[in-house]
Amino acid sequence: MSNQAIEKLSPFKELTDEQAELVDDVIDFARKHLEQDHPAVYTILGDAGTGKSVVLSQLFARIQKAARIQADSPFYGTHNYFLVNHPEVLKVYKQIAGPIKTLLKKDYQRPTTFINQLDKRNEISDIVVIDEAHLLLSKPDHYNNFYHENQLVEIIKRAKVVILVFDPYQVLRMKSFWTLDRLNELVAPYPHQSYQLKHQFRMTASDELIDWFNNLTDGQIKPLPKNAREHYDFRIFDDAELMRQTIVKRNQEVGLSRILSTSGYPSTLDGGKHYITEGRFKMPWDQYNFTATPWAELPETIDEVGSIYTCQGFDLNYAGIIIGPVISQKPDTNQLQVNLDRFTDTEAFKKRADLTDPDQIIYYEKRMILNALNVILKRGVKGTYLYAHDPLLRKTLVMLDQQLNAE
């Protein structure tokens with residue numbers, strides 16, 4: 001398996017029959033609605049690792065080839081864009097475009113850039129493809145120079161056909177607050193169609209272990225399935241440093257193996273870096289990546305702890321996961337609890353004018369923290385290692401591991 005993200009998202013990668021049929025269906029949808037006098041929206045739903053981005057990559061490459069060189073195509077001469085609100089993922093798409101004549105780097109944009117450029121030129125686009133639509137801003141954000149109310153609303157205003165992928169379990173911040181109901185309400189006025197991808201492609205883990213991860217991130221600690229290690233290297237550690245050493249070995253063997261963590265570690269600056277400490281374990285959080293190479297593909301990041309902001313949307317061969325102080329186990333239960341008072345990503349939970357009920361706010365904040373755990377749990381293609389900061393949760397997980405070994 002190639003360790004480069006550009007190979008995994010290549011528009012030339014062979015698709016499954018289901019994926020190929022979906023690409024054909026979306027292209028047919030775009031063809032039908034391109035000449036209408038109102039926008040149309042196609043939504044592709046799917047959990048992390050279900051191949052959403054691969055479908056989009058091939059779909060867009062086909063559309064752009066038709067737009068630029070196939071004079072007999074209804075797409076010929078159309079002006080189309082691919083948007084993603086994730087700087088690390090955007091780097092990969094721009095790298096893909098480099099050597100392909102019918103794809104240009106300028107075809108790939110951040111949503112705010114797209115909105116501002118079209119306004120400046122007073123233009124409307126034809127087809128807009130949006131990867132990771134759950135990261136679109138749904139409130140104004142000065143940091144991103146976005147002063148409208150909702151990026152998807154503004155994109156639809158500036159396009160004839162919008163094709164997007166969406167996963168409600170990857171919503172992580174209040175400024176990008178989405179639910180499936182909110183998305184459906186927004187697209188309801190337009191001709192729209194949707195499709196759900198369900199098969200997990202990223203991880204070689206059994207369906208039962210994937211279900212165990214999903215139950216965990218819904219707050220339920222269940223017994224490990226008997227096939228938890230079938231074709232998959234799944235381990236639970238009671239020593240974070242030992243987990244780190246094992247990840248370093250995997251990285252030396254096959255590459256692309258990293259430590260990832262949830263939030264919950266207070267800022268303890270040391271030499272300008274923000275460190276995570278767990279007993280003998282001490283490593284800095286990921287540093288801002290100024291290069292064109294994705295964070296996990298930089299050799300030096302074996303000495304950093306990755307976050308959702310550097311790993312979301314990417315594969316790792318092996319992922320060592322630290323469940324930080326923000327998540328613990330409720331005493332005398334098999335349930336997780338989210339400790340909002342220990343959440344350290346202060347930018348994530350800024351207030352929204354359209355969300356004022358205190359109970360709802362608490363519910364969604366806790367859900368986003370569990371979503372973040374779900375995102376990092378689904379990075380490891382060949383294996384996932386777990387360590388929990390909370391002593392009770394760590395003890396329970398180790399006990400479940402021992403029970404699995406005894407069977």
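A salt bridge is a side-chain nitrogen of Lys or Arg within 4 Å of a carboxyl oxygen of Asp or Glu. The exercises below apply this to a predicted model.

**Exercise 1.** Decide what kind of contact joins Arg31 and Asp28, and describe where the two residues lie.

*Solution.*
Step 1. The closest N and O atoms of Arg31 and Asp28 are 3.2 Å apart. The cut-off is 4 Å, so the pair counts as a salt bridge.
Step 2. Helix H2 (residues 17-33) holds both Arg31 and Asp28. They are three residues apart, about one turn of the helix.
Step 3. Arg31 has a relative accessible area of 38% and is partly exposed. Asp28, with 28%, is partly exposed as well.

**Exercise 2.** Find which parts of the chain the salt bridge between Lys175 and Asp141 links, and state whether each partner is buried or exposed.

*Solution.*
Step 1. In this salt bridge, 3.3 Å separates the closest N and O atoms of Lys175 and Asp141.
Step 2. The pair links distant parts of the chain, 34 residues apart. Lys175 is in the loop between strand S5 (159-166) and helix H7 (180-187), while Asp141 is in the loop between strand S4 (125-131) and helix H6 (151-157).
Step 3. Buried means under 20% relative accessible area. Lys175 is therefore buried, at 15%, and Asp141 is buried, at 11%.

**Exercise 3.** Do the same for the salt bridge between Asp354 and Arg182.

*Solution.*
Step 1. The closest N and O atoms of Asp354 and Arg182 are 3.0 Å apart.
Step 2. Asp354 sits in the loop between strand S15 (336-338) and H11, and Arg182 sits in helix H7. The two are 172 residues apart and belong to distant parts of the chain.
Step 3. Asp354 is partly exposed, with a relative accessible area of 40%. Arg182 is also partly exposed, at 27%.

**Exercise 4.** Which residues are joined into one network by salt bridges that share partners?

*Solution.*
The network consists of Asp119, Glu154, Lys157 and Arg158. Across the whole structure, a search finds 22 salt bridges.

**Exercise 5.** Work out why Lys378 has no salt bridge, and list what surrounds this residue.

*Solution.*
Step 1. Lys378 lies in the loop between helix H11 (358-377) and strand S16 (380-388), and is buried.
Step 2. The nearest side chain of opposite charge, Asp47, is 4.4 Å away. A salt bridge must be within 4 Å, so this pair does not count.
Step 3. The side chain of Lys378 makes a polar contact with the side chain of Asn214, at 2.5 Å.
Step 4. Leaving out residues up to four places away in sequence, Lys378 touches Asp47, Ala48, Arg202, Met203, Ile210 and Asn214.

Key:
Residues are numbered from 1 along each chain as its sequence is written. This is a predicted model: local features need pLDDT of at least 70, side-chain atom pairs count only at pLDDT 80 or more; totals for chains, interfaces and linings use all residues. Side-chain values use heavy atoms; hydrogens and water are left out. Helices (H or I, at least four residues) and strands (E, at least two) are DSSP runs, numbered from the N terminus. Buried means under 20% relative accessible area, exposed over 50%, partly exposed in between (1.4 Å probe, protein chains only). Lys and Arg count as positive and Asp and Glu as negative; His and the chain ends are not counted. A polar contact is a pair of N or O atoms within 3.5 Å; within protein, one must be able to donate a hydrogen and the other to accept it, and residues adjacent in sequence count only if both atoms are side-chain atoms. Contact means heavy atoms within 4.5 Å.
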